[in-house]
Amino acid sequence: MPYSSPGPEAALSKPVTINTLRKYKDSGEKFVVIALYDAHMAAMAQRCGVEAVLIGDSLGMTVLGYDSTVPVTMEHMIYHIEAVARGNNKSLIIGDLPFMTYATPEDALRNATRIMQAGAQMVKLEGGEWLAGTVTMLAERGIPVCAHLGLTPQSVNKFGGFRVQGRTPEQADTILADARRLADAGADLLVLECVPAELAQRITQAINIPTIGIGAGTDTDAQVLVINDILGLTEHPPKFSKNFLTETGDIPGAMKKYVADVKNGAFPGPDNIFE
């Protein structure tokens, strides 16, 4: 599909809210998420029409040099959320709660409060049905929640590596049940990472909140990629990623092409999908 770079009109004209993203799902229009970590990239994302930015604990590997997300602390997250919030006042800002900072509802409330006060407008948690009570508690207290199922990187040691999840019927049924339970509990968004495309489609159709895919096929309501993958900075890029810089030659062009390709259905392509 030929690429047509978005012009200045692609910039967000007003702040994106949860209601904005719900309208995208209802209308069948895709929206775009980028995981990034600094004010400059955050400002560029806003200019390129990126509806939501995620300050992910992936910064442990992309910025801090760790081999997983497990060592990331609240102080790391707050530092980068504050930076992104200074650069972007239009995209919805989602901040990860790092490893073991939401093991109990009390931990989750205390640390989610810190994430929100740093500038996030939503917190992201990894885990299934066991988190339902925590999600409800946060939602009742005015803290929006993005859930995360499939490959949850904080559980990499339990999974035995970064592996596709949901390939057996039993695993797929569990992930689908978890998605329904978390949506019913009050989650506002759901990230699906490294699951078969058919399962992601089933989940997207089964729940009334928007889904965001990464290695989850073409039928989720949105796509998310890490800025390092978009710009070809990852030494061993995952299957679900794509280097958009090689096709455009500059960073703003790469970001705009990613946005355009998600919107028009060109990304993810067949090479980026797990069956």
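User: Is Thr220 buried or exposed?
Analyst: Happy to help, and keep in mind that this is a predicted model. Thr220 sits in the loop between strand S7 (211-214) and strand S8 (222-226). The cut-off for buried is under 20% relative accessible area. Because the relative accessibility of Thr220 is 0%, Thr220 counts as buried.

User: Which backbone oxygen lies 2.8 Å from a polar atom of the side chain of Thr220?
Analyst: A polar contact calls for N or O atoms within 3.5 Å. The 2.8 Å pair joins a polar atom of the Thr220 side chain to the backbone oxygen of Ala222.

User: Which residues does Thr220 touch, not counting residues up to four places away in sequence?
Analyst: Let's go through the neighbours of this loop residue, which lies between S7 and S8. With those residues set aside, Thr220 touches Lys30, Leu192, Ala200, Thr204, Thr211, Ile212 and Gly213.

User: Why do the buried residues of H9 line one face of the helix?
Analyst: Good one! Helix H9 (residues 197-206) has Ala197, Leu199, Ala200, Ile203 and Thr204 buried. Seen down the axis of H9, these buried residues line one face because they fall within an arc of 160°.

User: Which elements do the buried residues of H9 pack against?
Analyst: Ala200 and Thr204 are among the buried residues in question. The packing partners of the buried H9 residues are helix H1 (18-27), H8, strand S6 (189-193) and S7.

User: What do the buried residues of H6 pack against?
Analyst: In helix H6 (residues 132-140), the buried residues include Ala132, Val135 and Leu138. The buried residues of H6 pack against helix H5 (105-117), strand S4 (122-126), strand S5 (145-150) and helix H8 (169-185).

User: Which residue just after H6 takes a positive phi?
Analyst: H6 covers residues 132-140. Just after H6, a positive phi of about 85° belongs to Gly142.

User: Is Leu245 buried, partly exposed or exposed?
Analyst: Leu245 belongs to helix H11 (residues 245-248), and its contacts include Ile230 and Ala254. Partly exposed lies between the cut-offs of 20% and 50%. With a relative accessible area of 26%, Leu245 is therefore partly exposed.

User: Where is the pLDDT below 50?
Analyst: The mean pLDDT of the chain is 92, and 93% of its residues reach 70 or more. Where pLDDT is low, the predicted coordinates should not be read in detail. The stretch with pLDDT below 50, which has 10 contacts in the model beyond near neighbours in sequence, is residues 1-8.

How values were computed. Residues numbered from 1 in each chain as written. Predicted model: local features only at pLDDT ≥ 70, side-chain atom pairs only at ≥ 80, totals over all residues. Heavy atoms only, no water. Helix = DSSP H or I, 4+ residues; strand = E, 2+ residues; numbered from the N terminus. Buried < 20%, exposed > 50% of the residue type's maximum accessible area, 1.4 Å probe, protein only. Contact = heavy atoms within 4.5 Å. Polar contact = N/O pair within 3.5 Å; in protein donor to acceptor, adjacent residues only side chain to side chain. Arc of directions from axis to C-beta. pLDDT = per-residue confidence, 0-100.
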